[in-house]
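I opened this notebook to record what I looked up, working from the chain contacts inward to single residues.

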Amino acid sequence: MSFLEVTQWLLEGFSTTLLLFAFTLILSLPLGLVLMFGTTTKFWPVKILTRAFVYIIRGTPLMLQLMVVYYIPGIVFHYSVLKWPIFGGNVPLAQFCCALFTFVMNYACYFSEIYRGGIQSIPKGQYEAGQVLGMTKSQVFFKVILLQVVKNILAPVSNETITLVKDTALANIIAVTEIIFFAERALNLHNIIWPMFYTGVFYLGFNALLTFIFNRLERKLSYIRS
Amino acid sequence: MKKLFAGLTLVMVAVMMFTGCAGGANTATGDEAGSDLATIKAAGQMVIGITEYDPMNYYDEDGTLIGFDTEYAQAVCEKLGVEAKFQVINWKTKEAELAAGNIDAIWNGLTVTEERKNDMDFTDPYLTNKQCIVINKDNASAYTSADKMTSAIITAESGSAGETAILADESLAKATFTPADSQKNALVALAAGNADAAVIDITLATASVGQGTYENLMIVEGIDLADEQYAIGFRVGSDLTAEVNKITDELIESGTMAKLAEKYELTDRFNEALQIAE
Amino acid sequence: MAILEVKNIHKSFGKEQVLKGIDLSLEKGEVLAIIGSSGSGKTTLLRCINFLERADKGEICVNSQVIFDAQREKKYTEAEIRRSRLNFGLVFQQFNLFPQYTVHRNLTLAAEMLEAKGLKGEDKKRVLSEIASRADKLLEQVGLSEKKGAYPVELSGGQQQRVAIARALMLSPQILCFDEPTSALDPELTGEVLRVIENLRGDDRTMIVVTHEMEFARKVATRVIFMADGVIEEEGDPEEVFTNPKSEKLRSFLSSSLEKF
């Protein structure tokens, strides 16, 4: 296989990697907010359930979660995920959706904890200053607190995001055809290992882009310091 | 607003907990497997779990999936009146794939072992196989037989027939064993010098050594470790096992199998399998 | 007529009784200094008056109108409390400026939300420009006109506290409260803040100042309250309290706080 052929091949895999990355991020960021409201609510049944859920997800390996989602429906309920009507018999789509579901759950839990920390790190005085100026609770949250929270969580969220890019490699355990999967294929079909090392260039390149974006955001918010 | 969120979260978590906690409630699949033949006929396809490797399931220059197992499976499926659908799986979790119903068969140079009989039913073997020792060409003069490798580092796929063969061999058992997560990675470890010898399928070894990353590797001639056989794996209790055995006999009768073996240079091993069957 | 009357205020945190029945009343234009060692309850009293804490017992009246009665059966709604709060302005020990807004925006934010709410077009424009010029005037008054575009982090502690004072004045509260306004400042920065507070006295403002600055209390206050263990131990005009303390507690408090300097 020539360098060009391998590059084309890996790009095909990397497009799947990027899709998994993008959809996971888009879905888990807001879901994390929902989970955070769950873990901080005063309504205890919701609080206990969401906290248990977050604990289970954060306390088990992502690889194990992938296998649970992919195999349990077939093994326990005799209804293989790949045969669910919503996927219309499209196996790669079903595998991709299994991975996406697992990644979204996993990252939403991590994001919910980051949000919680970000909100708790805002000094009480900021709420009180808003209150004594006659603001309503929602005015205080949206006009005073929110941007400070965004600034506070930017660094941990960018960390998680970069971790997510690399974590997508785990999806190959359930045969999602991401970039590592293609590198393994090169080894199996053409007996060459170097495409595996070459994948690092793709990850590094994309993470360089993300780092650039996050650095700009961070600089934009750098005037917020308390 | 917050209450709405709380409600939504509750529902979502409940669903997750239910699916999550139900694991282990019922892992028996045998009762369902009785209808496999009817099921695949109704679906019009048999989903066959494979990994891609030469000479069993690989691609020709036009990008068409070929190989001994590919064509064998297609011939059987044609007689069953269904389409052979090949699905790449993770070999490490093939038993779970089969049990979950993600695939209907494992048909990919699958070695018959006693342990695997708990997880699947095997058809009659169709090829023999051997485990062989692969080394770096630089060591060709040093490692000429198994008893010269007692102080070497030896690798094989964890849980594979190769590992069993190492443990069963008086000399190799004394060597330092390091597991690999696939046969291909055992060869990579060897090429990287992380191991001095690898024990893998002769099928895979013949198709790999001397090429690409494995350019500097060679098979140690004249050493045959454990003899074994390839068969197809179906779910425990599946009626497909008997049906595919019957069709295979027909294919042997008509000479189709012999032609296939010749095409992929497997004639000797096909004949050996036939002899064992008699 | 008293502008503020506080009657029999009690407040506990868990088992600890922090306020054990506080009564005080304030005339318009008075400057009340509250002194006392830490833990005496003076900050809690100020927070009860500003509804950052709810008193367990007692009443608060402004201009003879009851705005808070702990005994009332119906719970006070958020909106009621919010309205009552607007009688007061509060300057915090830690300034609590909003770090993401400029100095000028720190002043105008709350005023715009209150006064320009629901307005459109020309009306809104007029109100907004009135608010902006009010903010300009107040910044001039505290001597920070040239810092209106700066972010809080770019200011010294003393400058931040002066902005916080201007911000508290934006909504023209009847009573302006200070919670140890110089305690978080380096000693060389306290002077500028105290001067600003002193100048406000000239505008006939009613003020309550919780403070550790005895010199300041003596010079600026029209009346001084000494609190100890959740009660008002002694009360009077500054000269009397500082030169002729009656209780043993006040005497030892004054001598220990003099030692510090």
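The entries below follow the order of my reading.

**Entry 1, chain contacts.** I note at the outset that this is a predicted model. I began with which chains touch, and found 2 pairs of chains in contact, of which chains A and B share the most contacts. Chain B and chain C are joined by no contact, and their closest C-alpha atoms lie 17 Å apart. For chains A and C, I listed 20 residues from chain A and 20 residues from chain C in the contact. On the chain A side of this contact, the elements that give two or more residues are α5 (124-132) and α6 (137-167). I then sorted that side of chain A by class and obtained 8 nonpolar, 8 polar and 4 charged residues.

**Entry 2, the sheet of chain C.** Here I traced an open sheet of 6 strands with mixed pairing, in the order β6-β7-β8-β3-β9-β10. Because β6 (88-91) and β10 of chain C stand at the edges with a single partner strand each, one side of each is left without a neighbour in the sheet. Direction ignored, neighbouring strands of this sheet are turned by 20° against each other on average. Looking at individual pairs, I found strand β3 (residues 31-35) of chain C running parallel to strand β8 (residues 206-210) of chain C, with 4 bridges between them, and C:I34 has C:V210 in β8(C) as its bridge partner. By contrast in sense, strand β9 (residues 223-228) and strand β10 (residues 231-236) of chain C pair antiparallel over 5 bridges, with C:F226 opposite C:E234 in β10(C). The hairpin of β9(C) and β10(C) has 2 residues between the strands, and I noted that C:D229 in this hairpin takes a positive phi near 50°. I also checked what lies across the sheet at β6 and β7 (175-179) of chain C, and found helix α5 (residues 157-169) of chain C there, running at about 170° to β6(C).

**Entry 3, the domains of chain B.** The domain assignment of chain B gives domain 1 (33-127 + 231-277) and domain 2 (129-227). I recorded 27 Å between the C-alpha centres of domain 1 and domain 2 of chain B. The contact between them takes 10 residues from domain 1 and 8 residues from domain 2 of chain B, and the domain 1 side has 4 nonpolar, 3 polar and 3 charged residues.

**Entry 4, nonpolar cores.** The largest nonpolar core has 122 residues, and B:V134 and B:L187 are among those with the most contacts inside it. Helix α4 (residues 91-120) of chain A gives the most to this core, with 13 residues, while domain 1 and domain 2 of chain B each supply at least three residues. Following B:V134 further, I found that the residues it touches include B:L190, B:A205, B:V209 and B:M218. A second, separate core of 75 residues includes C:I22, C:A55, C:L194 and C:I225.

**Entry 5, one residue.** Is B:T248 buried or exposed? I counted B:T248 as buried, because 20 other C-beta atoms lie within 10 Å. B:T248 is found in helix α9 (residues 240-253) of chain B. Not counting residues up to four places away in sequence, B:T248 touches B:V76, B:T123, B:D124 and B:Y126. Between the C-alpha atoms of B:T248 and B:S238, which are 10 residues apart along the chain, I noted a separation of 16 Å.

Terms used: Residues numbered from 1 in each chain as written. Chains lettered and ligands numbered in written order. Predicted model: local features only at pLDDT ≥ 70, side-chain atom pairs only at ≥ 80, totals over all residues. Contact = placed C-beta atoms within 7 Å. Nonpolar A, V, L, I, M, F, W, Y, C, P; charged D, E, K, R; others polar. Pairing = 2+ DSSP bridges. Domains from an automatic or database assignment. Axes fitted to C-alpha atoms, helices over the stretch in contact; angles between N-to-C directions. Buried ≥ 20, exposed ≤ 12 C-beta atoms within 10 Å, placed from the backbone. Core = buried A, V, L, I, M, F, W, Y, C linked by C-beta atoms within 7 Å.
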